[in-house]
2 protein chains.
Amino acid sequence: MTTSDIVATLDALGAAARGAAARMAASPRAKRDAALRALAARLREAGPELETANAQDLRAAADKGLAGPLFDRLRLDAHALDTVIQGCLQLAEMPDPIGEITGVTQRPSGIRVGRMRVPLGVFGMIYESRPNVTIEAASLAIKSGNACILRGGSEAIRSNVALWRCVQRALADAGLPETAVQLVETTDRAAVGRLVAMPEFVDVIIPRGGKGLIERVAREARVPVIKHLDGNCHTYVDERVDLELAVRVVDNAKTQKYSPCNATESLVVHAAQAGAFLPRIGAVFAAKGVEMRGDTRVLAALKDVAGAKLVAATDSDWGEEYLAPIVSIRVVDSLDEAIAHINRHGSHHTDAILTTDHPNAMRFLREVDSASVMVNASTRFADGFEYGLGAEIGISTDKFHARGPVGLEGLTSQKWIVLGEGEIRE
Amino acid sequence: MTTSDIVATLDALGAAARGAAARMAASPRAKRDAALRALAARLREAGPELETANAQDLRAAADKGLAGPLFDRLRLDAHALDTVIQGCLQLAEMPDPIGEITGVTQRPSGIRVGRMRVPLGVFGMIYESRPNVTIEAASLAIKSGNACILRGGSEAIRSNVALWRCVQRALADAGLPETAVQLVETTDRAAVGRLVAMPEFVDVIIPRGGKGLIERVAREARVPVIKHLDGNCHTYVDERVDLELAVRVVDNAKTQKYSPCNATESLVVHAAQAGAFLPRIGAVFAAKGVEMRGDTRVLAALKDVAGAKLVAATDSDWGEEYLAPIVSIRVVDSLDEAIAHINRHGSHHTDAILTTDHPNAMRFLREVDSASVMVNASTRFADGFEYGLGAEIGISTDKFHARGPVGLEGLTSQKWIVLGEGEIRE
């Protein structure tokens with residue numbers, strides 16, 4: 001396709017989505033929930049079709065030498081399909097995020113002023129190999145009364161087209177416009193450049209994938225982006241702490257799974273606890289093969305731990321998101337120093353304090369400038385499902401609009417409503 | 001100044017603001033309110049100094065041939081000064097927007113999850129000639145616990161520097177960092193280019209001024225922008241309406257003042273009311289010298305109105321923000337047509353329906369995609385003070401983050417807080 005073909009194709013998708021968005025916004029909840037239930041049914045009956053399409057994608061990927069986690073993410077097996085089907089049914093049961101009216105008060109002029117929650121309009125979703133994101137994004141768009149334009153990875157194109165057909169049929173079943181969920185069928189990379197730069201048709205872009213993708217989207221976008229960059233999460237063990245709790249929570253935060261963005265990458269320990277706490281957690285890490293990169297006080301405290309993989313930390317370690325069995329460890333002399341360290345080196349994703357001191361807990365909550373701040377809990381809880389959002393379209397490491405896990409509410413805006421009885425401005 | 005000097009200067013301001021923002025965010029409400037009261041006192045005692053500085057700006061502007069509204073906006077007379085002083089005192093009395101904790105619920109895992117309102121961090125304010133914006137922005141920054149970097153118009157530089165000195169003294173009086181409010185002292189235009197493109201130091205840009213300024217900022221910004229473009233506001237007179245109310249409200253919405261962004265620029269009238277309503281409002285407009293640009297049905301209905309300035313509307317009239325004694329008028333055959341017309345040609349700022357029909361009022365509220373939607377009230381009410389925000393940093397015509405009049409809340413974000421008792425993720 002030539003560049004002008006791509007522009008024309010994307011513009012046509014955009015115009016159709018913009019038109020569908022108005023109909024979705026005005027649609028009653030019952031129709032949107034009916035579409036979600038129809039989608040679950042359509043996906044179930046399309047099982048064999050979806051399996052065939054996915055097998056073709058997998059074969060093509062294997063031929064190209066794709067392997068490991070990238071290949072695994074492409075697979076849409078019965079379990080993965082069942083998970084997205086259950087997700088659609090759960091979404092149908094959730095409260096409607098649209099139409100809520102809040103804070104109506106009467107002003108001295110006589111008018112009543114409040115706010116009404118409405119859909120954002122059209123969102124563009126750009127993602128990599130996982131085909132189940134097609135259904136997650138489509139179902140969140142339907143529930144929230146938005147339209148969306150989906151651009152999945154080229155290696156999943158056959159699976160995505162097959163899934164998208166189910167979405168279109170489900171929308172038609174419920175009497176909603178099929179164009180409310182569009183798929184970019186061309187795998188040309190220039191399509192992404194156009195999708196992120198048409199503010200007349202697209203209100204927000206949500207990229208999901210590696211850092212390279214997200215940085216490209218942020219750089220080229222001419223509309224707002226809900227973006228998720230690093231998750232360099234910290235757990236700080238305070239001066240006064242329940243040692244058993246600290247060992248259990250830090251172990252979980254670091255080792256329960258190494259790859260998620262909410263895993264703790266850096267441990268900060270008050271000097272008063274270095275002697276008691278560090279050898280105990282050091283033994284846990286040593287037993288699990290976790291490499292410890294510490295400052296001089298950390299290395300001194302851990303020197304007698306059997307089997308510990310100890311490395312002297314360099315400055316670059318404090319900013320690193322390892323996503324691996326490696327942890328950086330630093331000793332600090334005060335809560336002030338801990339907060340300053342986290343705000344300077346962290347990625348403003350999720351940070352926790354473990355403490356029995358109430359004023360310190362409150363200061364940490366207020367002063368650590370992160371999307372999620374926690375007291376006495378594992379950073380691994382930073383997640384839309386764990387927070388009760390029902391579903392998660394992404395995690396934002398920005399402060400503007402939505403912050404942290406983004407659910408249905410992040411796909412809405414609030415407009416002002418004014419109810420009058422003929423008031424005029426004096 | 002060379003480009004690299006400007007970059008170095010702005011980077012130094014940015015780094016200082018970033019440091020001050022952390023201290024402002026952690027400061028108690030009492031100190032921020034004390035700074036606002038000190039600012040009011042400092043401005044009062046600096047009266048003669050401010051008068052001298054402003055007189056120099058006015059003289060320089062007159063020498064350059066500045067005249068009319070641009071010249072008037074530059075003037076900081078006793079009344080304008082008193083207004084900003086009162087504004088500071090009122091802000092000190094308002095509730096603290098920071099620290100509010102909402103929606104804490106316990107999840108099945110045992111953790112308690114909620115949200116805490118915190119400052120955005122650092123905002124950059126770019127504005128044109130009005131020096132009182134310096135104090136409005138500084139006082140909103142102080143109240144909301146943010147830091148800010150101000151870039152006013154070059155023609156107001158002496159007034160702005162004098163006002164800024166008062167702000168710095170007031171911050172020092174209250175024991176807050178003077179660097180919480182910075183002023184860009186160079187009038188080089190390249191400074192704006194740098195200010196909008198340093199995400200490491202500035203979290204959001206708020207431009208206030210003409211469309212040219214705002215379009216430039218939106219194009220060059222590498223951080224979010226709270227931007228206000230056109231105000232092409234509509235008032236729709238529905239099929240069933242109280243005629244007295246309709247004449248009074250439409251007259252006020254169009255003619256009470258022609259220059260504000262919330263003045264009605266376009267009148268949409270249901271065909272059933274064309275015969276009764278149009279001649280009455282036409283007579284009002286004719287008496288006030290308002291030119292009427294209508295479609296053929298409008299011109300027919302108004303042909304007998306004495307002294308009416310009638311013009312056949314062209315397509316471009318429907319999208320025009322006149323800010324002048326001109327109104328476009330269109331007759332429609334249904335509410336659907338009215339809503340479609342407004343969503344297509346409006347600027348998503350403020351639109352009103354005048355009706356006695358409840359279902360129509362509710363449909364208009366839901367389906368008109370504007371920052372403010374009104375029933376039976378003048379569009380002139382779309383304003384931070386009228387809405388009870390206490391103060392207004394700007395009006396957003398975007399949907400992302402803040403929409404419509406933006407007060408203190410628009411300068412905050414909500415972070416997630418998690419309160420646990422040692423819970424771990426299974």
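**Exercise 1.** Which residues of chain A does UniProt list for "domain: Aldehyde dehydrogenase"? Then describe each span in this predicted model.

*Solution.* Start with the record: the unreviewed UniProt entry gives residues 10-284 and 318-382 of chain A. Next, take residues 10-284 of chain A: 53% of that span is helix and 16% is strand, and its end C-alpha atoms sit 53 Å apart. Now for residues 318-382 of chain A: here helix makes up 32% and strand 28%, with 21 Å between the end C-alpha atoms.

**Exercise 2.** Walk across the open sheet and find its edge strands.

*Solution.* Begin at S1(A) and go on through S2(A) to S16(A). Then step over to chain B, passing S13(B), S12(B), S7(B), S8(B), S11(B), S9(B) and S10(B). That's 10 strands with mixed pairing. The edges are S1 (101-106) of chain A and S10 (310-312) of chain B, each pairing on one side only. On average, neighbouring strands of this sheet are turned by 25° against each other, ignoring direction.

**Exercise 3.** Look at where S16 of chain A pairs with S13 of chain B: how many bridges are there?

*Solution.* Find S16 (residues 412-423) of chain A and S13 (residues 372-377) of chain B; they pair in the parallel sense over five bridges. In one of these strands, S13(B), Ser372(B) is the bridge partner of Trp416(A).

**Exercise 4.** Which strands does helix H14 of chain B lie across?

*Solution.* Locate H14 (residues 358-367) of chain B. From chain A, the helix crosses S2 (112-119) and S16; from chain B, S7, S12 and S13. Finish with the angle: H14 of chain B runs at about 160° to S13(B).

Notes: Residues are numbered from 1 along each chain as its sequence is written. Chains are lettered from A and ligands numbered from 1 in the order in which they are written. This is a predicted model: local features need pLDDT of at least 70, side-chain atom pairs count only at pLDDT 80 or more; totals for chains, interfaces and linings use all residues. Side-chain values use heavy atoms; hydrogens and water are left out. UniProt positions are given in the numbering used here, feature names are shortened, and annotations may be inferred rather than shown by experiment. Helices (H or I, at least four residues) and strands (E, at least two) are DSSP runs, numbered from the N terminus. Two strands pair if DSSP finds at least two bridges between them. Axes are lines fitted to C-alpha atoms, for helices over the stretch in contact, and angles run from 0 to 180 degrees between N-to-C directions. Contact means heavy atoms within 4.5 Å.
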